[in-house]
Amino acid sequence: MIATSARLNVLGNVTPTLTAAGLSRVRPGTIGMTPSGYEEALAARLGCRPDDVRAAATPYIGPERNGIVRWGSGALVRAHLETRRRRVAPSALASAPHHRAAWMNLMLDYCPETLERLIDACPRCLRPLGWRSAWGIGHCDDPDCEVLPVGSEFLTTELASGYRMFAELGSPVPEERSRRLAAMAPEFAALHPVAILDFAFRLGTALDAGGRVGRGGVCDMPGDARARSVATGAELLQAWPGALREAVRSAIAADDGRTAAARRSLKASLLRAATPRSGGDAVEAMLRDAIPEVFVEVGRVFSGIDRAMILGSESARRLCVTHAELAAASQNGVFTEEAVHEGGYRRVQYVEAEIVAAAAARRDSVPIGVVVKSIGAPLYACERIIGSGAIERERHPFALTLHGQPRAVKASLEDYVTSVERACRATPPPADAVGLQPAMRSIGGGLKPWRRVLAAVIAGALPCWLSPAEGSLADRMLVRQSDVARFSAVENGDGVSDDAHLSTAMSQLDAMAVLNLKQTEGPRLLDAGLITAAAGRRSLLIPIAQVVSLAREWISTAEIAANTALSPARAYRMVEAVLGPKPSPAGWLRTDYDRAFSSVT
């Protein structure tokens with residue numbers, strides 16, 4: 001603005017303008033950093049508004065010792081701002097004869113518009129270009145010299161896109177910087193402007209120039225290397241984090257896996273990139289999320305870069321299993337493992353994506369014990385409900401092998417329970433309604449048809465009501481005894497898929513429920529040799545085949561009472577009067593009872 005005004009007024013020099021504005025002791029290139037108070041006077045000399053002067057200023061942000069100045073809507077390190085020499089791109093001036101503020105940014109060696117190398121000296125007389133003379137931005141400071149010629153050195157085409165991205169990130173034009181940030185991952189918008197530029201430069205340097213930056217930082221590099229670094233870094237940020245992972249992967253592959261020393265050097269370079277001038281903690285967190293393989297022991301650095309790997313201890317923790325269970329799952333082909341050696345020790349890593357998927361399968365599913373508790377039906381019945389597809393079974397290989405028990409998808413279980421509850425009638429239950437659990441005693445001769453009964457409720461074919469009592473679904477359901485009595489016992493594999501998980505044994509509790517007997521009858525059946533039992537994890541386990549065979553052969557007092565609407569005592573006396581005392585702890589022979597009381601039931 002000042003140089004243009006001086007040229008238009010044919011002053012030949014900017015000193016008169018600065019002197020009139022009270023800035024005679026200020027070097028032209030540093031006027032923007034001068035403390036406020038000069039704007040009114042300078043605007044009067046330039047013929048513009050004071051706000052225009054303030055908008056073009058580059059005051060320090062915070063204490064001057066921090067060395068950071070405002071740069072449009074962003075910020076720039078003061079040392080990266082060229083204030084002594086005038087840097088220009090003659091080809092850009094030929095199309096639009098005005099100075100671009102971006103040319104003052106020492107991180108840029110080429111004009112973002114034309115990609116021509118910026119010059120700060122006359123190619124003819126080699127005289128440095130300054131800010132005092134006012135012969136025109138595109139003229140040499142020597143009035144006897146000619147217009148600056150268009151250069152012959154331009155940025156290579158493959159770097160053009162990334163270079164312009166970086167220029168927009170550091171643009172003094174707020175709209176350009178906002179447009180670039182909007183096209184990037186949202187976490188970058190929260191970083192300090194200087195941190196973004198420094199991070200891009202350091203990342204590009206780590207992967208393009210071996211990560212070495214001299215004591216002078218960005219200003220201490222050759223221009224070509226600096227251009228490659230900023231262009232590479234900007235492209236890495238633009239496609240974050242995938243571009244960084246791919247770049248590291250390519251760097252390792254290009255050196256045939258890279259030697260241990262090369263990997264350590266690359267790790268060090270990337271870690272240096274995570275400590276920019278401002279916002280170091282946030283940048284390190286972003287780098288850790290993007291490529292956690294950097295933040296591990298040297299022996300494992302970049303191990304599994306093609307696919308993120310995590311140690312067995314972390315894998316076991318995420319899966320909530322022991323190391324032995326994890327190793328067993330891996331041996332069964334559920335997980336892919338990779339051994340690494342550190343300090344003479346062998347450690348096993350696993351593919352993180354596989355662990356994450358398995359952990360999600362476990363998190364989003366529940367063991368069948370939860371299904372039993374939620375529905376209130378016995379284990380064998382819940383296995384058949386899942387096996388029929390009414391509740392979706394979790395089929396992830398890890399879930400299939402977990403503790404040898406089927407697991408159900410949690411959301412599917414919740415939907416199933418909700419569908420039963422919604423099917424129950426909202427009207428008051430009839431006087432003869434009883435709980436579903438005792439009503440199921442009317443069914444004997446085999447496994448109880450829990451799946452069919454609940455399916456009938458959902459379909460509206462079996463009237464049902466819900467009591468306000470707490471408890472499982474079955475504990476709260478009320479039905480008519482006569483409606484349930486029309487259902488009959490089912491075969492072992494009734495209505496389930498071929499690959500359904502069906503236990504071959506059941507607990508004593510479930511066995512007595514199938515036989516419609518009290519739990520105290522269990523030991524008597526064992527003593528009589530009618531059933532056998534093996535010790536399970538929590539209770540005795542009785543073969544289901546034995547229970548079904550016994551149920552077909554014998555009928556209990558409780559079943560007779562449920563089907564005759566008599567109390568258990570009266571039902572016992574009724575049968576005893578005809579068939580005599582119970583010949584077995586299981587009751588009377590079903591064939592004898594049917595022959596003698598067919599008209600009663």
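Trainee: In this predicted model, which elements do the buried residues of α27 pack against?

Mentor: They pack against α23 (481-485), β14 (554-555), α28 (568-579), β15 (588-589) and α29 (590-597), where a contact requires heavy atoms within 4.5 Å. The buried residues themselves are T557, E559, I560, A561, A562 and T564.

Trainee: What makes helix α27 (residues 557-564) largely enclosed by the rest of the structure?

Mentor: A residue is called buried when its relative accessible area is under 20%, and six of the eight residues of α27 are buried, so the helix is largely enclosed by the rest of the structure. Just after α27, A565 takes a positive phi of about 60°.

Trainee: Is P581, in the loop between α28 and β15, buried or exposed, and how do you know?

Mentor: The cut-off for exposed is over 50% relative accessible area, and P581 has 54% relative accessibility, so P581 counts as exposed. Leaving aside neighbours within four places in sequence, P581 is nevertheless in contact with Y572, E576 and W588.

Trainee: Why is S171, which has its place in the loop between α6 and α7 (174-182), counted as buried?

Mentor: Buried means under 20%, and S171 has a relative accessibility of 4%, so S171 counts as buried. Not counting residues up to four places away in sequence, S171 touches W71, E176 and R177.

Trainee: What makes the link between the side chains of S171 and E176 a polar contact?

Mentor: A polar contact needs a pair of N or O atoms within 3.5 Å, one able to donate a hydrogen and the other to accept it. The side chains of S171 and E176 are joined at 2.7 Å, and this pair counts as a polar contact.

Trainee: How do you know whether R226, found in helix α9, is buried or exposed?

Mentor: With under 20% as the cut-off for buried, the relative accessible area of 8% places R226 among the buried residues. Its contacts, not counting residues up to four places away in sequence, are L106, M107, D109, V218, C219, D220 and M221.

Trainee: Why is α8 called roughly perpendicular to α9?

Mentor: The two helices pack at an angle of about 110°, with their axes 7 Å apart. Angles from 65 to 115 degrees count as roughly perpendicular, and that makes α8 roughly perpendicular to α9.

Trainee: Which residues of α8 and α9 meet, and how do they divide by class?

Mentor: From α8 come I196, F199, A200, F201, L203, G204, T205, L207 and D208, and from α9 come R228, S229, V230, T232, G233, A234, L236 and L237. They divide into ten nonpolar, five polar and two charged residues, with Gly counted among the polar ones. One of the α8 residues, G204, is buried at a relative accessible area of 0%; G204 and T232 are 28 residues apart in sequence and 4.8 Å apart in space, C-alpha to C-alpha.

Trainee: Why are α17 and α21, by contrast, called oblique to each other?

Mentor: Helix α17 (residues 379-387) and helix α21 (residues 450-459) pack at an angle of about 60°, with their axes 8 Å apart. Roughly parallel requires an angle under 35 degrees and roughly perpendicular one of 65 to 115, and α17 and α21 are therefore oblique. Their contact is made by Y380, A381, R384 and I385 of α17 together with W450, R451 and L454 of α21, and by class it has five nonpolar, no polar and two charged residues.

Trainee: What makes a set of residues a nonpolar core, and how many residues has the largest one here?

Mentor: Its members must be buried nonpolar residues of certain types, Ala, Leu and Phe among them, joined through side-chain atoms within 4.5 Å. The largest such core has 55 residues, and Y163, F188, F199, L203, L237, W240 and L244 have the most contacts inside it. Among the elements giving two or more residues to this core are β1 (68-71), α6 (157-169) and α9 (223-238), while α8 gives the most, with eight residues. A second, separate core of 52 residues includes I386, L447, V479 and W554.

Definitions and conventions
Residues are numbered from 1 along each chain as its sequence is written. This is a predicted model: local features need pLDDT of at least 70, side-chain atom pairs count only at pLDDT 80 or more; totals for chains, interfaces and linings use all residues. Side-chain values use heavy atoms; hydrogens and water are left out. Axes are lines fitted to C-alpha atoms, for helices over the stretch in contact, and angles run from 0 to 180 degrees between N-to-C directions. Helices (H or I, at least four residues) and strands (E, at least two) are DSSP runs, numbered from the N terminus. Angles under 35 degrees count as roughly parallel, over 145 as roughly antiparallel, 65 to 115 as roughly perpendicular and the rest as oblique. Buried means under 20% relative accessible area, exposed over 50%, partly exposed in between (1.4 Å probe, protein chains only).
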